[in-house]
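This briefing concerns strand pairing in the structure shown below. The points are grouped by topic.

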Amino acid sequence: MSKLRILWVFVIVVSLFLFQSGCSEDGLIEFETVGADQMRPIALVTFASDLPPGDYIAQDHTAKTVPLQVDENGQATLIMMRVLPTSITRWKVTQIADQPHSVVAHATEHQVQFTSGAKNVTHYQVTKGNLIAPDIPTIYQRSGYLHPVWTPNGRVLTDDYPPDFPHHHGIWAAWTKTTFQGRNPDFWNMGKGTGRVDVHSIDHIWSGSVHAGLRSNHRYIDMINDPEVALLESWNLRVYRHVESLHILDLVLIQSLATDSILVLNEHRYGGVGFRGNRAWKAADEVDFFTSEGRTRKDGHATRARWVHIGGPVDDQYAGIAILSHPDSYESPQPVRIHPTEPFFNYAPTQAGAFSITHQQPMEWKYRFITYDGARDSKLLEALWQDFASPLSVRMIRTYSP
């Protein structure tokens with residue numbers, strides 16, 4: 001037997017010994033994560049467990065530990081780094097003594113503020129609040145959006161109430177050309193006065209060792225005659241702990257009808273979940289757009305993309321955001337709106353044609369937002385999209401026995 005093979009046998013024996021030594025009966029659960037076909041620089045792993053909600057520690061067979069968090073529905077989440085192709089990692093979960101949460105959602109009168117460690121990540125706007133300039137008409141006041149959105153080094157990527165487009169608000173959602181009960185409310189262009197989107201309630205806010213987040217409810221209100229709610233929208237936002245010089249946020253929107261009447265979303269070049277970039281990117285040469293298919297602002301509009309990078313200089317340093325669209329969302333890979341002159345981007349499924357929201361077909365939209373300082377890394381963004389679209393699988397070995 002060669003020296004190399006002897007060394008590999010020794011490594012395997014030692015690893016098995018360490019794993020068996022580490023898997024004592026004080027572990028609450030044991031499981032395996034199974035690697036994908038390609039290396040994952042970062043892997044967000046979520047699986048169903050029977051553990052009570054709270055924070056835990058997951059220890060692998062090398063005795064390395066990472067935080068593990070269980071939500072109120074029993075979904076366990078941990079973040080793995082540099083997962084090798086087809087690798088299998090065994091984990092044991094133990095309880096953790098009370099300690100401060102590393103990802104915090106702090107509710108104020110007007111916002112829910114999210115931090116990871118000492119770093120700002122984003123704010124969710126609960127109330128309509130104050131307009132940022134006295135010349136903005138009050139009809140543009142809006143709640144239910146994310147702004148500011150920061151990079152890990154503290155650079156702001158979003159804008160709110162930009163002068164030429166005061167209906168743009170950081171990261172927000174609305175539909176444009178719609179038909180409801182024979183009327184055509186526009187929930188996007190608020191200045192028309194035909195529709196608006198309001199925060200109705202906040203169901204849940206949480207903090208944790210792996211993620212913080214909130215669940216909120218929005219109402220799409222037809223304003224053409226007497227105000228009538230046409231559409232119900234739930235926001236499920238997760239803000240993950242800071243990893244590898246990245247901020248990662250997941251946003252899931254579920255839209256359902258508020259009445260017996262369907263809502264038709266007519267064909268249009270924009271509408272859905274939008275992003276408005278920093279006003280320092282107002283000049284065309286100050287912002288870059290780059291899609292998963294290699295398209296730019298010059299040729300990217302109305303093409304389909306799995307992910308899109310938007311970036312440019314902020315405070316004399318380059319910063320960017322990648323917006324990833326999940327393949328489960330309608331019309332994926334979705335068509336995109338890349339504005340020819342404004343720092344605006346939108347996944348726009350209505351570009352592919354009209355469709356309806358019915359009682360039989362509530363719509364679910366899933367997006368992941370990743371912020372960073374410095375130039376884009378297309379290979380990293382592709383790997384992160386692969387992890388978003390096809391997370392690592394989990395095999396349970398031993399479940400919790402209270």
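Strand β11 (residues 171-174) is joined to β18 by four bridges, and the two strands run antiparallel. The model is predicted: local features need pLDDT of at least 70, side-chain atom pairs count only at pLDDT 80 or more, and totals for chains, interfaces and linings use all residues. Residues are numbered from 1 along each chain as its sequence is written, and side-chain values use heavy atoms, with hydrogens and water left out.

**Terms**
- Strands (E, at least two residues) are DSSP runs numbered from the N terminus, and two strands pair if DSSP finds at least two bridges between them.

**Strand β18 and its partners**
- Within the β11 pairing, Ala-173 has Val-273 of β18 as its bridge partner.
- β18 also pairs with strand β23 (residues 344-347), in the antiparallel sense and over four bridges.
- Phe-275 stands opposite Phe-345 in β23.
- Five of the five residues of β18 (residues 272-276) are buried (under 20% relative accessible area, 1.4 Å probe, protein chains only), so this strand is largely enclosed by the rest of the structure.

**The seven-stranded sheet**
- An open sheet of seven strands follows the order β2-β5-β4-β3-β6-β1-β26, with antiparallel pairing.
- β2 (40-48) and β26 (393-398) stand at the edges with a single partner strand each, so one side of each is left without a neighbour in the sheet.
- On average, neighbouring strands of this sheet are turned by 30° against each other, direction ignored; the axes are lines fitted to C-alpha atoms.
- β3 (residues 54-60) and β4 (residues 65-70) run antiparallel and are joined by six bridges.
- Tyr-56 has Leu-68 in β4 as its bridge partner.

Methods: Axes are lines fitted to C-alpha atoms, for helices over the stretch in contact, and angles run from 0 to 180 degrees between N-to-C directions. Buried means under 20% relative accessible area, exposed over 50%, partly exposed in between (1.4 Å probe, protein chains only).
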